[in-house]
Amino acid sequence: MSDLSTEPPPDATASSSHAAARPGSPLRPGTPPRAGDLAAMRQALSVAERALVTGDVPVGALVLDASGNELSRACNEREASGDPTAHAEVLALRRAAAALGAWRLAGCTLVVTLEPCTMCAGALVLARVDRVVFGAWDPKAGAAGSLWDVVRDRRLNHRPEVLGGVLEEPCAELLDRFFAAHR
């Protein structure tokens with residue numbers, strides 16, 4: 001396993017088909033994903049694989065509207081664009097806002113293959129995303145329950161619902177293969 005081990009935080013119990021929740025989460029441990037979450041995560045995995053072509057870390061993200069229709073998709077493009085903020089989540093949020101013609105993404109769900117970092121967590125909170133569904137836990141930089149919990153910080157005016165560990169194993173395997181090849 002790579003340093004991005006998919007070991008969930010000690011108090012979480014995630015599997016590839018069920019998600020885990022951290023203390024204070026609006027979800028109970030073992031709460032299953034909603035209809036469409038697994039299919040959306042499979043799409044995000046497919047998008048993540050596109051990052052391999054440019055040598056970017058394979059992370060993929062989708063933004064879905066309240067009906068579950070895809071508004072946008074993106075993979076990491078930091079290497080491809082030379083932009084340190086070109087994380088999959090930020091790019092997908094920007095594209096969804098452009099598609100809607102508004103920065104507020106209320107009612108939307110962000111589906112991403114890796115737990116968002118602090119930058120991405122801050123962006124999704126500021127965009128007023130209602131739900132975040134992620135695959136692999138990131139104990140070194142995760143900000144949705146692993147290292148930090150920016151998305152559910154009670155001091156903020158918006159706290160999305162968070163579902164972690166959805167299709168965790170294939171999400172982590174893609175990252176593990178990438179990092180093994182770059183060592």
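Of the 183 residues in the protein chain, 50% are buried. The model described here is predicted. Its protein chain has five helices and five strands, and these follow one another along the sequence in the pattern α-β-β-α-α-β-α-β-β-α. Among the contacts in the protein chain with a separation of 6 or more, 60% join residues 24 or more positions apart.

Helix H5 offers a convenient place to start. This helix covers residues 168-181, and its 14 residues should span 20 Å at 1.5 Å a residue; the C-alpha atoms at its ends are indeed 20 Å apart, so expectation and model agree. The buried residues of H5 are Glu-168, Cys-171, Ala-172, Leu-174, Leu-175, Asp-176 and Phe-178. A helical repeat is helpful to keep in mind when reading such a list: an α-helix has 3.6 residues a turn, so residues three or four places apart point the same way. The buried residues of H5 pack against three elements, namely helix H1 (37-49), strand E3 (109-114) and strand E4 (131-136).

The packing of H5 with H1 deserves a closer look. Two packed helices are described by the angle between their axes and the distance between the axes. For H1 and H5 the angle is about 5 degrees, and the axes lie 10 Å apart. Because angles under 35 degrees count as roughly parallel, H1 is roughly parallel to H5. On the H1 side, the contact is made by Met-41, Leu-45, Ala-48 and Glu-49, while H5 contributes Pro-170, Cys-171 and Leu-174. By character, the residues of this contact of H1 with H5 comprise six nonpolar, no polar and one charged. Cys-171 and Leu-174 of H5 take part in this contact and also appear among the buried residues of the helix.

Aromatic side chains come next. A pair of aromatic rings is described by the distance of the centres and the angle of the planes. The model holds two aromatic pairs. In one of them, the ring centres of Phe-134 and Trp-137 are 4.9 Å apart and the planes stand at 90 degrees, so the pair is edge-to-face. Phe-134 is buried, its relative accessible area being 0%, and Trp-137 likewise counts as buried, at 1% relative accessibility. The other pair joins Phe-178 and Phe-179, and is also edge-to-face, with 5.1 Å from centre to centre and 80 degrees between the planes. Phe-178 is buried, with a relative accessible area of 8%, whereas Phe-179 counts as partly exposed at 25%.

Two further residues help to tie the chain together for the reader. Arg-73 sits in strand E2 (residues 70-75) and is partly exposed, with a relative accessible area of 25%. With its neighbours within four places in sequence left aside, Arg-73 is in contact with Gln-43, Val-47, Arg-50, Ala-61, Leu-62 and Arg-95. Between Arg-73 and Ala-88, which are 15 residues apart in sequence, the C-alpha to C-alpha distance is 8.0 Å.

Pro-139, for its part, belongs to the loop between E4 and strand E5 (161-163). This proline is partly exposed, with a relative accessible area of 35%. Its C-alpha atom is separated by 8.9 Å from that of Glu-115, a residue 24 residues away along the chain.

Definitions and conventions. Residues numbered from 1 in each chain as written. Predicted model: local features only at pLDDT ≥ 70, side-chain atom pairs only at ≥ 80, totals over all residues. Heavy atoms only, no water. Phe/Tyr/Trp six-rings, centres within 6.5 Å; stacked < 30°, edge-to-face > 60°. Buried < 20%, exposed > 50% of the residue type's maximum accessible area, 1.4 Å probe, protein only. Helix = DSSP H or I, 4+ residues; strand = E, 2+ residues; numbered from the N terminus. Expected span 1.5 Å × (residues − 1). Contact = heavy atoms within 4.5 Å. Axes fitted to C-alpha atoms, helices over the stretch in contact; angles between N-to-C directions. Parallel < 35°, antiparallel > 145°, perpendicular 65-115°, else oblique. Nonpolar A, V, L, I, M, F, W, Y, C, P; charged D, E, K, R; others polar.
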